[in-house]
Structure formats: structure tokens, C-alpha cells
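Reader: I am new to this structure. Can you take me through it in short questions and answers?

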Amino acid sequence: MYNKKNLGVILIFSSIVLLVLFMALTTQRDRFGVTMDGAVKHDVESLFVGVHYFRLLDLVPNFELKSKSLVITNNNLFNFIDPRGVFLSKDSQTRYQANKGFLNQSTSNLELFGDVRLADEYSDYVSDTLKYDGKNEIIYANGNVSSQVIDKKTLDIIKLSSHKLTSYMAEKRVELMGSVKGRLIRKRRYETGFKFRAEEAEFNSPKSRLELAKSVKIYRNNYYLKA
């Protein structure tokens, strides 16, 4: 009887020891796994101050950036403060500036935020936010968009405002959407300009053509036209 009791105590004690060891090993393994996962997923960041950066696309200059500071994450994601720079296309240069911005190297997409401004030889754009598709050379502007375009053929000035704007840089074509308002100012002072409103507008610089669509209103001298 005595031996049976001792054997029972030993078995119970052994079970408790094995259970404690198992829990300790499991906890250690979980901690090790978390540490390893954290090491794999940890982002590598680099900080630069007073940056001057160039980008090539197919060995051709495509993008230039100057900023007060730049944080690069995993050699691909760029976050910068007070960016200034130039978009370079085949036959034109578009200057830009903003309060802050973000660049994805792999997709060639640039996003700008706060007091955004773009300008080239014949146009000037201001907006709250802007996205530049570097591969397709397309600009998307949103929020309080204000623009001024000079017609290359007539040198007339077109002042525009809208909610959104899309600029196809290679085609030199601009689309505006949402409560479009504008004014045409003739180069020749004796020629009368006009004011207009519409929901959509498109200006094609090579064709020297402005198209208005949806709830169009035009004011010129004593004329008031709706279409």
C-alpha cells in the first residue's frame, strides 16, 4: 500500500513537471516566433536633409526633386517635406511645389499635398492635392483647382477653376470637371472676351479648341447663351 501511494505521488509530480516544461517551451517558441516575424517585417528607413534627387525612366531624365527632408522606406517609398522640382517629358518641363509629398519608386506615382502648384511655359495650376502618373505622364489635381492656360496659336489667356483637373502632358490636353468657371481674355485688347460656366470643359492646346459640356452658360457683352 505504501509503495502504491509513493508511486502515485511520483506520477503526479512527474506530470506537473512535464506540464511546466511544455508550457515554458511553448512560451519561448512563441516569443522566438514573434521576434523572428518582427525582424522580417521591420521596415528600413533612412533620413536625408537638404535633398536633391534625380530619376531616370528608360535612361531618360524624367523627374527632379529638391526638399528640406526626405525619408526613404525600404529603398522604394519616399516621403518628403517642402518639395520643389520638375517633371520632364519629351519636349516640355513642368515645375511643381507643395507642402509635402509622397513618391512610390516602383509605380512612378508622385502625390503632393497642401498649396500645390504646377507651371510650364503655357500653363499654371493650383490645387489642394495632386497625383502625377510618371509612366503615363498624366496629372490629376483635386480640390479648389485654379488654372491659367495660354493658347499657343492666338496667345489668348484662359482662366479656369473647377473641382478636378486631369492634364495629359504628352497630348497637351486638359480636362476639367465639377462647377467649371472661366474667362477668356483676348491678346488683342479691342477684341471682346467672354465668361463661361459648365460642369465639364476640355482645352486642346494643339487644336486651339475649348469645349464646354453640361449646363453651359456664356456671357459676352450683352449676350447670355445657355446650352
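The turns below cover ring pairs, strands, backbone angles, a pocket and a cavity.

Reader: What kind of model is this?
Author: Residues are numbered from 1 along each chain as its sequence is written, and side-chain values use heavy atoms, with hydrogens and water left out. Local features need pLDDT of at least 70, side-chain atom pairs count only at pLDDT 80 or more, totals for chains, interfaces and linings use all residues, and the model is predicted.

Reader: How many aromatic pairs are there?
Author: Rings of Phe, Tyr and Trp (its six-membered ring) pair if their centres lie within 6.5 Å; planes under 30 degrees apart count as stacked, over 60 as edge-to-face and the rest as tilted. By this rule, the number of aromatic pairs is 3.

Reader: Is the pair of Tyr 53 and Phe 78 stacked, edge-to-face or tilted?
Author: The two centres are 5.2 Å apart. The planes of Tyr 53 and Phe 78 make 55 degrees, and the pair is tilted.

Reader: How many residues apart in sequence are the parts that this pair ties together?
Author: Strands here are DSSP runs (E, at least two residues), numbered from the N terminus. Tyr 53 sits in strand β1 (residues 45–57) and Phe 78 in strand β3 (residues 77–81). The pair therefore ties together parts whose separation in sequence is 25 residues.

Reader: Is Phe 78 buried or exposed?
Author: Buried means under 20% relative accessible area, exposed over 50%, partly exposed in between (1.4 Å probe, protein chains only). Its partner Tyr 53 has 15% and is buried. Phe 78 has a relative accessible area of 4%, so the word for Phe 78 is buried.

Reader: Why is the pair of Phe 194 and Phe 196 called tilted?
Author: Both Phe 194 and Phe 196 are buried. Their ring centres are 6.0 Å apart. Their planes stand at 55 degrees, so the pair is tilted.

Reader: Which residue in β14 stands opposite Phe 196?
Author: Two strands pair if DSSP finds at least two bridges between them. Strand β12 (residues 194–204) and strand β14 (residues 217–220) run antiparallel, joined by 3 bridges. Opposite Phe 196 in β14 stands Ile 218.

Reader: Which residue of the turn between β14 and β15 has a positive phi?
Author: β14 also runs antiparallel to strand β15 (residues 223–226), with 4 bridges. There, Arg 220 has Tyr 223 as its bridge partner. The two strands form a hairpin with 2 residues between them, and the one with a positive phi, about 50 degrees, is Asn 221.

Reader: Which residue in β11 stands opposite Lys 164?
Author: β10 and β11 pair in the antiparallel sense over 10 bridges. They form a hairpin with 4 residues between them, where Lys 172 in the turn has a positive phi of about 55 degrees. Opposite Lys 164 in β11 stands Met 177.

Reader: How far apart in space are Leu 160 and Ser 146?
Author: Leu 160 lies in strand β10. Leu 160 is buried, with a relative accessible area of 4%. Leu 160 and Ser 146 are 14 residues apart in sequence, and their C-alpha to C-alpha distance is 5.8 Å.

Reader: Is Asp 115 buried or exposed?
Author: Most residues other than glycine have a negative phi. Asp 115, in strand β7 (residues 109–119), has a positive phi near 50 degrees. With a relative accessible area of 56%, Asp 115 is exposed.

Reader: Which element gives the largest share of the lining of the largest pocket?
Author: On a 1 Å grid over the protein atoms alone, a cavity is a set of points where a 1.4 Å probe fits but cannot get out, and a pocket is an open set with protein on both sides within 12 Å along at least five of seven lines; lining residues have an atom within 4 Å of a point. The largest pocket is lined by 21 residues, and among those nearest its centre are Asp 120 and Lys 172. The largest share, 3 residues, comes from β9.

Reader: What is the volume of the largest cavity?
Author: Grid points are joined across faces, edges and corners, and a volume is the space filled by probe spheres set on the points. The structure holds 1 cavity of 30 Å³ or more. Its lining includes Arg 55, Phe 63 and Tyr 132. The volume of the largest cavity is about 50 Å³.
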